[in-house]
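Let's take a friendly walk through a protein chain, one piece at a time. Have the sequence and the 3D view ready as you read.

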Amino acid sequence: MDRFSHMKLGSSSVSLVMSLLIISMSLLSHISQASPTPRYFKKALERHNLARAAVGVAPLEWSDRIAAYARRWADKRTADCRPLHSTGGYYGENLALGPWGGPFLVADAVNMWVGEKKYYDHETNSCHAPPGESCGHYMAVVCRRSTHVGCAKRICDNGGVFIICDYGPPGRLDEPPY
């Protein structure tokens with residue numbers, strides 16, 4: 001007989017222990033979403049947060065979990081380098097294709113997205129972009145609903161650069177981003 005055999009837990013004690021375990025795991029999961037930013041992505045996070053600060057929105061935090069999601073999608077795009085959005089719908093998402101054979105950093109993509117600000121009218125929450133341009137990328141960068149970001153970059157088989165940043169939680173197109 002071991003020294004713990006005399007201890008008996010009633011069903012309410014087991015329920016309490018299980019509830020505490022579930023709550024602890026849930027808290028750890030939420031806390032672990034914010035992660036130190038990998039060195040390569042620090043400039044991209046800074047660029048995001050400069051744009052957000054300019055319109056009074058709280059800074060984004062880096063999320064390894066969201067970055068893993070972005071990496072999985074970027075890995076699927078390396079064969080063709082097509083700018084197709086992921087199909088999960090869990091996050092807001094920006095994509096960029098970089099020049100073939102040239103340097104193109106994630107921070108360059110963020111600068112490109114932030115450059116769409118000139119087409120966005122906050123007063124009317126509308127976009128006045130010329131054909132072929134957009135405001136949606138800028139709106140994702142500065143969306144107040146989003147608190148975390150994760151990005152990935154891949155060199156495609158054809159030499160192009162595929163960049164993706166995902167934002168959680170996602171924003172809504174029917175409301176102003178800030």
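## Ground rules and the overall plan

Helices (H or I, at least four residues) and strands (E, at least two) are DSSP runs, numbered from the N terminus. The expected span of a helix is 1.5 Å times one less than its number of residues. Please keep in mind that this is a predicted model, in which local features need pLDDT of at least 70 and side-chain atom pairs count only at pLDDT 80 or more, while totals for chains, interfaces and linings use all residues. Residues are numbered from 1 along each chain as its sequence is written, and side-chain values use heavy atoms, with hydrogens and water left out.

The chain contains five helices and six strands. Following the sequence, you meet them in the order α-α-β-α-β-α-β-β-α-β-β. Of the 178 residues, 38% count as buried; buried means under 20% relative accessible area, exposed over 50%, and partly exposed in between (1.4 Å probe, protein chains only). Contacts, meaning heavy atoms within 4.5 Å, often join distant parts of the sequence: among those with a separation of 6 or more, 70% are between residues 24 or more positions apart.

## Helix α2 and its two sides

Helix α2 covers residues 42–54. Its 13 residues should span 18 Å at 1.5 Å a residue, and its end C-alpha atoms are indeed 18 Å apart, so the two values agree. Which residues of α2 are buried? They are Ala 44, Leu 45, His 48, Asn 49, Ala 51 and Arg 52. Looking down the axis of α2, these buried residues fall within an arc of 155 degrees, so they line one face of the helix. The arc is taken from the directions that run from the helix axis to the C-beta atoms.

The face of α2 turned away from the buried side carries the exposed residues Leu 50, Ala 53 and Ala 54. The cover over the buried residues includes β1 (61–62), α4 (106–114), α5 (136–142), β5 (148–155) and β6 (161–168). After α2 comes Gly 56, which has a positive phi, near 75 degrees.

His 48 is a good residue to find in α2. His 48 has a relative accessible area of 1%, so it is buried. Beyond residues up to four places away in sequence, His 48 touches Leu 60, Val 110, Trp 113, Val 141, Val 149, Cys 151, Cys 165 and Tyr 167.

## Helix α4, a partner of α2

The buried residues of α4 are Val 106, Ala 107, Ala 109, Val 110 and Trp 113. Seen down the axis of α4, they fall within an arc of 155 degrees and therefore line one face of the helix. These residues pack against α2, β2, α5, β5 and β6.

## A buried lysine

Now look at strand β5, where Lys 153 lies. Lys 153 is buried but has no salt bridge. A salt bridge is a side-chain nitrogen of Lys or Arg within 4 Å of a carboxyl oxygen of Asp or Glu. For charge, Lys and Arg count as positive and Asp and Glu as negative, while His and the chain ends are not counted. How far away is the nearest side chain of opposite charge? Asp 108 is that side chain, 7.1 Å from Lys 153.

Lys 153 does have a polar contact, side chain to side chain, with Tyr 40 (3.0 Å). A polar contact is a pair of N or O atoms within 3.5 Å; within protein, one must be able to donate a hydrogen and the other to accept it, and residues adjacent in sequence count only if both atoms are side-chain atoms. A polar atom of the Lys 153 side chain also lies 2.7 Å from the backbone oxygen of Phe 104.

## Salt bridges

Side chains of opposite charge can pair when their charged atoms come close. The structure holds six salt bridges. In one of them Asp 80 pairs with Arg 77, with the closest N and O atoms 2.6 Å apart. Asp 80 is partly exposed, at 28% relative accessibility, whereas Arg 77 is buried, at 9%.

Arg 145 and Glu 175 also form a salt bridge (2.5 Å, N to O). Arg 145 sits in the loop between α5 and β5 and Glu 175 in the segment after β6, so this pair ties together parts that are 30 residues apart in sequence. Glu 175 forms another salt bridge with Arg 172, at 4.0 Å between the closest N and O atoms. Arg 145, Arg 172, Asp 174 and Glu 175 are linked in a network of salt bridges.
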